[in-house]
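Below are some notes for a colleague who is opening this structure for the first time. Please read them with the model on screen.

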Amino acid sequence: MALSCIPKSVLSTANCLENPAGTGNHLFVVPLDTNHIGSMVANDEKNQYDITPVGGKEAALKGYRIDFKSQTGNYKSDDNGTGKGWSSTATGRVELSEDDMAHTSRILHNSDQNLYFLYTGKVVDGKKEYIVIGNENGEAEWAVASDTGTNRSDDHGQTFTVTCGYQIYPITKWYGTIEQEDAESVSSRV
């Protein structure tokens, strides 16, 4: 039996830290190309990708940041059947910078060669924890729906949905630093 075919016991006493629902309030879009990602391998022992940025393990990934309204971020996955992995979906609502979001959405909607890193709001061993939507082939699709709301106090904006039809884990993570690609010497904010 291969190592990856041996399950682990899942014990409720394994971690006594808080585990609130929801996600952080931003995600990063990282192009899946040799200018951004040096290597990417699925880890067979942990539900994560081992991603090496261009420049080595100590370098930060570079990506485009999308801030969304607090408490609108969500991640879920669905089983594709035995031996077929999972489909994953992430959503969030952008209420501010709607014109920039519309421009960015047009570009992302027409490309499936990106990885999406949804910040969980957690830091583990000094590294930010991200949920990864996409795989070694990209295959993540971006869609946006817009709503103005009716009343002045209504929730409004553009709701993005990122989906990937094949992931090897129901939740796939990555731990590290991502810097804002288009920022002038500014690292990612939390």
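1. Strand E1 (residues 26-31) and strand E4 (residues 61-67) run antiparallel and are joined by four bridges. Strands and helices here are DSSP runs numbered from the N terminus, with at least two residues for a strand (E) and at least four for a helix (H or I); two strands pair if DSSP finds at least two bridges between them. Within this pair, His26 stands opposite Asp67 in E4.

2. On the source: this is a predicted model, in which local features need pLDDT of at least 70 and side-chain atom pairs count only at pLDDT 80 or more, while totals for chains, interfaces and linings use all residues. Residues are numbered from 1 along each chain as its sequence is written, and side-chain values use heavy atoms, with hydrogens and water left out.

3. E1 also pairs with strand E7 (residues 114-124), in the antiparallel sense and over five bridges. Leu27 stands opposite Leu118 in E7, and Phe28 stands opposite Phe117 in E7.

4. How many of the six residues of E1 are buried? Six of the six are buried, where buried means under 20% relative accessible area, exposed over 50%, and partly exposed in between (1.4 Å probe, protein chains only). In a regular strand the side chains alternate between the two faces of the sheet. In E1, His26, Phe28 and Val30 point one way, Leu27, Val29 and Pro31 point the other way, and all are buried.

5. The wider sheet is open and has six strands in the order E11-E8-E7-E1-E4-E12, with mixed pairing. Strand E11 (173-176) and strand E12 (178-180) stand at the edges with a single partner strand each, so one side of each has no neighbour in the sheet. Neighbouring strands of this sheet are turned by 45 degrees against each other on average, direction ignored. Axes are lines fitted to C-alpha atoms, for helices over the stretch in contact, and angles run from 0 to 180 degrees between N-to-C directions.

6. Helix H1 (residues 98-109) lies across E1, E4 and E7 and runs at about 130 degrees to E4. Contact means heavy atoms within 4.5 Å.

7. Is Arg65 buried or exposed? Arg65, which lies in strand E4, is buried, with a relative accessible area of 15%. Its side chain makes a polar contact with the side chain of His26 (3.3 Å), and another polar contact, of 2.5 Å, joins the side chains of Arg65 and Asp67. A polar contact is a pair of N or O atoms within 3.5 Å; within protein, one must be able to donate a hydrogen and the other to accept it, and residues adjacent in sequence count only if both atoms are side-chain atoms. Arg65 and Phe117 are 52 residues apart in sequence and 9.5 Å apart in space, C-alpha to C-alpha.

8. Lys62 is also placed in strand E4, and counts as partly exposed at 36% relative accessibility. Leaving aside neighbours within four places in sequence, Lys62 is in contact with Val30, Pro31, His36, Ile178, Glu179 and Glu181. With Glu179 there is a side-chain to side-chain polar contact of 2.7 Å. The C-alpha atoms of Lys62 and Asp182 are separated by 8.9 Å, and these residues are 120 apart along the chain.

9. A separate point concerns E2 and E3, which form a hairpin with six residues between them. Strand E2 (residues 37-42) pairs with E3 in the antiparallel sense over five bridges, and Ala42 stands opposite Tyr49 in E3. Strand E3 (residues 49-53) is mostly covered, with four of its five residues buried.
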